[in-house]
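Me: I would be grateful for a close look at a single part of this model, set in the context of its surroundings. Please treat the matter in one connected account.

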Amino acid sequence: VKSVCNGVLPLRLLTAALSVLAILCHLLPQRAQAHADLLLQIEEVTRAIQKDPGNVELYLRRGTLRRDHAEYEASYADFDKAYELSPQLATIDVMRGRLYLDWGWPLSARACLDRFLAQQPKHVDALILRARALAKLNLRLPAARDYDLALELSPEPGPDLFVERAQVLMAGQVWNEELARK
C-alpha cells in the first residue's frame, strides 16, 4: 500500500510500459518490411507463373507465400492448381496440411497429413504437423506418439519440439502410465 501511495508502483509500471513500447517501436518496422517483402515475392512469382503457367513449383511457392501472408483462400487455390498439374506429387498434402492448420482447420489438416504419412511414415515435418493437428483436436496421446516418432527420427531435434510434446502431455494430463500402453 505504501509503494502505491508514494508513487513507486506507478513509476515501475510506467517504466515497464515504456520498455514494451520501445520494443514494439523497434519491431514494427521489421514486421512492415517482412510484410512488404512477402508481397513483392508474391508478385514476382505471379509474373513467373504468367510466363510458365505449367510450372508446378511456382504454384507451390506462391501458395506457401500466400499462406505465410494469411491469404488462405488464395493459397488453397494455388495448391489446388499444383495438384491439378501434378496429382502424383505427394508433398502437396503436407503443404495443404500446414495451410489447414494455419487456417484453423485441424481435422482437414489431419486428413491431408494422414494420407501423406501413409506413403511416407518417417517424414519428420509431416509428423510434427500432424501432432499439432491432433493436439488441436484434443487427441493428446496420438499427438504425443507423433512427437515421439519425430523426436526419434530427427537428427538434431530442437528444444521447441520437446516443449511442444510436454505441453501436449500436460494439457491433457497424459501421464507415463498411459504412454507405457502405447
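The part I have in mind is helix H3 (residues 56–68). Which of its residues are buried, and at what angle does H3 pack with H5?

Reply: The account below begins with the chain, turns to H3, and then follows the chain onward.

The model is a predicted one. The chain holds ten helices and zero strands, so that its elements, read from the N terminus, form an uninterrupted α-α-α-α-α-α-α-α-α-α series. Of its 182 residues, 33% are buried. Where contacts link residues at least 6 apart in sequence, 43% of them join residues at least 24 apart.

H3 comprises 13 residues, and its length can be checked against expectation. At 1.5 Å a residue the helix should span 18 Å, and the end C-alpha atoms are 19 Å apart, which agrees. At the start of H3, asparagine 55 places a side-chain oxygen within 3.0 Å of the backbone nitrogen of glutamate 57.

The helix is mostly covered, with ten of the 13 residues buried. These are Val56, Leu58, Tyr59, Leu60, Arg62, Gly63, Thr64, Leu65, Arg66 and Arg67. The list thus includes the arginines Arg62, Arg66 and Arg67.

Arginine 62, a residue of H3, deserves separate attention. Its relative accessible area is 10%, and because buried means under 20%, arginine 62 falls in that class. Leaving aside residues up to four places away in sequence, arginine 62 touches Ile42, Val45, Thr46, Ile49 and Asp78. Of these partners, Asp78 belongs to helix H4 (residues 72–85).

The packing of H3 with H5 (residues 91–103) can be described next. The two helices pack at an angle of about 15°, and their axes are 11 Å apart. Angles under 35 degrees count as roughly parallel, and H3 and H5 are therefore roughly parallel to each other. Their crossing is left-handed. On the H3 side the residues that meet H5 are Leu60, Thr64 and Arg67; their counterparts in H5 are Ile92, Met95, Arg98, Leu99 and Asp102. An α-helix has 3.6 residues a turn, so residues three or four places apart point the same way. Leu60, Thr64 and Arg67 are also among the buried residues of H3.

Just after H3, the backbone at alanine 70 takes a positive phi of about 65°, although alanine 70 is not a glycine. Alanine 70 lies in the loop between H3 and H4. Its relative accessible area of 45% lies between the cut-offs of 20% and 50%, which means that alanine 70 is partly exposed.

Beyond that loop, H4 packs with H5 at an angle of about 165°, with axes 10 Å apart. An angle over 145 degrees counts as roughly antiparallel, and H4 and H5 are therefore roughly antiparallel to each other. H4 passes H5 in a left-handed crossing. H4 contributes Tyr72, Glu73, Ser75, Tyr76, Phe79, Asp80, Ala82 and Tyr83 to the contact, while H5 contributes Ile92, Met95, Arg96, Leu99, Tyr100, Asp102 and Trp103. Ile92, Met95, Leu99 and Asp102 of H5 appear in the contact with H3 and also in the contact with H4.

Features further along the chain may be set beside those of H3. Arginine 130, in helix H7 (residues 124–136), is buried with a relative accessible area of 17%. The side chains of arginine 130 and aspartate 146 are joined by a polar contact of 2.6 Å. With residues up to four places away in sequence set aside, arginine 130 touches Leu113, Asp114, Leu117 and Asp146.

Asparagine 138 offers a further case of positive phi in a residue other than glycine, with a value near 60°. Asparagine 138 is placed in the loop between H7 and H8, and at 54% relative accessibility it counts as exposed.

Finally, proline 155 occupies the loop between helix H8 (140–153) and helix H9 (159–171). Proline 155 is exposed, its relative accessible area being 79%. The C-alpha atom of proline 155 is separated by 9.9 Å from that of valine 124, a residue 31 places away along the chain.

To return to the two points raised: ten of the 13 residues of H3 are buried, and H3 packs with H5 at an angle of about 15°.

Conventions
Residues numbered from 1 in each chain as written. Predicted model: local features only at pLDDT ≥ 70, side-chain atom pairs only at ≥ 80, totals over all residues. Heavy atoms only, no water. Helix = DSSP H or I, 4+ residues; strand = E, 2+ residues; numbered from the N terminus. Buried < 20%, exposed > 50% of the residue type's maximum accessible area, 1.4 Å probe, protein only. Expected span 1.5 Å × (residues − 1). Polar contact = N/O pair within 3.5 Å; in protein donor to acceptor, adjacent residues only side chain to side chain. Axes fitted to C-alpha atoms, helices over the stretch in contact; angles between N-to-C directions. Parallel < 35°, antiparallel > 145°, perpendicular 65-115°, else oblique. Left-handed = near helix turned anticlockwise from the far one by under 90°. Contact = heavy atoms within 4.5 Å.
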